[in-house]
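Open the model in your viewer and keep the sequence panel beside it. We will go from the whole chain down to single side chains.

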Amino acid sequence: MRAAPADHVAQHGFVVHTRGRGFTEITDQVGEVVAASGVQTGIANVFSLHTSCSLLISENADPTVRDDLERWLARAVPDGDAIFRHDQEGPDDMPAHVRAILTGVSLVVPVHAGRLQLGTWQGMYLWEHRLDPHQRKITVTVLGH
């Protein structure tokens, strides 16, 4: 295998409308950006422009996996915890920031043959940590050749 410099960069953003706390799958939207980029081999960087939601790759076949993740994180970082002083937007404000820091706001996924190279049971998700619905901006940058 021979290394080659990235000779093509494409960038596109999209908006995810969340229903409040929980998961929204974004695999198809990111895949469309990758396909439109023309990159055959490279990487896709997916980035959230927010501090109270996160991005992750998770099991895409059984929704109970995501339910379990939500319950686990609620136990680890509960709303209204007295330790938090930043609560200007309510009891879920600071916990949402902590949750995003712990779970991350960006992903890097290989691109092969012009498509995201995800495993059979992998999906890409925006994880909303606030209780109310939000519009979340996502930027996808595709690098490669």
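One term first: a residue counts as buried when its relative accessible area is under 20%, as exposed when that area is over 50%, and as partly exposed in between. Keep in mind that this is a predicted model.

**Stop 1: the whole protein**

Show the cartoon. You should find three helices and eight strands. Follow the chain from the N terminus, and the elements run β-β-α-β-β-α-α-β-β-β-β. The C-alpha trace spans about 55 × 30 × 25 Å along its principal axes. Of the 145 residues, 39% are buried.

Now turn on the surface. The accessible surface comes to about 8400 Å². Carbon and sulfur atoms hold 54% of that surface.

How far apart in sequence are the residues that touch? Take the contacts between residues at least 6 apart: 81% of them join residues at least 24 apart.

**Stop 2: an aromatic cluster**

Select Phe-23, Tyr-125 and Trp-127, and show their side chains. Ring pairs link these three into a cluster. A search of the whole structure finds two aromatic pairs. To describe such a pair, give the distance of the centres and the angle of the planes.

Start with Phe-23 and Tyr-125. Their ring centres are 6.1 Å apart and their planes stand at 90 degrees, so this pair is edge-to-face. Phe-23 sits in strand β2 (residues 22-25) and Tyr-125 in strand β7, 102 residues apart, so the pair links distant parts of the chain.

Is Phe-23 buried or exposed? Its relative accessibility is 14%, so Phe-23 counts as buried. Tyr-125 is buried too, with a relative accessible area of 2%.

Next, look at Phe-23 and Trp-127. This pair is stacked, with 4.5 Å from centre to centre and 25 degrees between the planes. Phe-23 belongs to strand β2 and Trp-127 to strand β7, so the pair ties together parts that are 104 residues apart in sequence. Trp-127 is buried, at a relative accessible area of 3%.

**Stop 3: the sheet**

Hide the side chains and return to the cartoon. Find the open sheet of five strands, in the order β1-β8-β3-β5-β6 with antiparallel pairing. Its edge strands are β1 and β6 (115-116), and each of them pairs on one side only.

Now select α1. This helix lies across β1, β3, β5, β6 and β8. Relative to β1, α1 runs at about 155 degrees.

Zoom in on β3 and β5. They pair in the antiparallel sense over seven bridges. Which residue of β5 is the bridge partner of Val-46? Select Leu-107, and you have that partner. Then select Asn-45, which stands opposite Val-108 in β5.

**Stop 4: two faces of one strand**

Stay on β5 and show its side chains. In a regular strand the side chains alternate between the two faces of the sheet. The covered face of β5 has Leu-107, Val-109 and Val-111. On the uncovered face are Ser-106, Val-108, Pro-110 and His-112.

**Stop 5: the hairpin**

Follow β5 into β6. The two strands form a hairpin with two residues between them. They pair in the antiparallel sense over two bridges. Select His-112 to see it stand opposite Arg-115 in β6.

Then pick Ala-113, in the loop between β5 and β6. Most residues other than glycine have a negative phi. Ala-113 is not a glycine, yet its phi is positive, about 55 degrees. This residue is partly exposed, with a relative accessible area of 49%.

**Stop 6: the nonpolar cores**

Select Ile-26, Val-30, Val-46 and Val-140. These residues have the most contacts inside the largest nonpolar core, which has 20 residues. Which elements each supply at least two residues of this core? They are β1 (8-17), α1 (27-37), β3 (41-48), β4 (53-59), β5 (106-112), β7 (122-128) and β8 (135-144).

Another core, of seven residues, lies apart from this one. Its members include Leu-73, Val-77, Val-98 and Tyr-125. You met Tyr-125 earlier, in the aromatic cluster.

End on Val-46. Leaving aside residues up to four places away in sequence, Val-46 touches several residues, among them Ile-26, Val-30, Leu-55, Met-124, Ile-138 and Val-140. Leu-107, its bridge partner in β5, is also one of the residues Val-46 touches.

Note on methods. Residues numbered from 1 in each chain as written. Predicted model: local features only at pLDDT ≥ 70, side-chain atom pairs only at ≥ 80, totals over all residues. Heavy atoms only, no water. Core = buried A, V, L, I, M, F, W, Y, C linked by side-chain atoms within 4.5 Å. Buried < 20%, exposed > 50% of the residue type's maximum accessible area, 1.4 Å probe, protein only. Helix = DSSP H or I, 4+ residues; strand = E, 2+ residues; numbered from the N terminus. Contact = heavy atoms within 4.5 Å. Pairing = 2+ DSSP bridges. Axes fitted to C-alpha atoms, helices over the stretch in contact; angles between N-to-C directions. Phe/Tyr/Trp six-rings, centres within 6.5 Å; stacked < 30°, edge-to-face > 60°. Areas by Shrake-Rupley, 256 points an atom, 1.4 Å probe, with all protein chains shown as cover.
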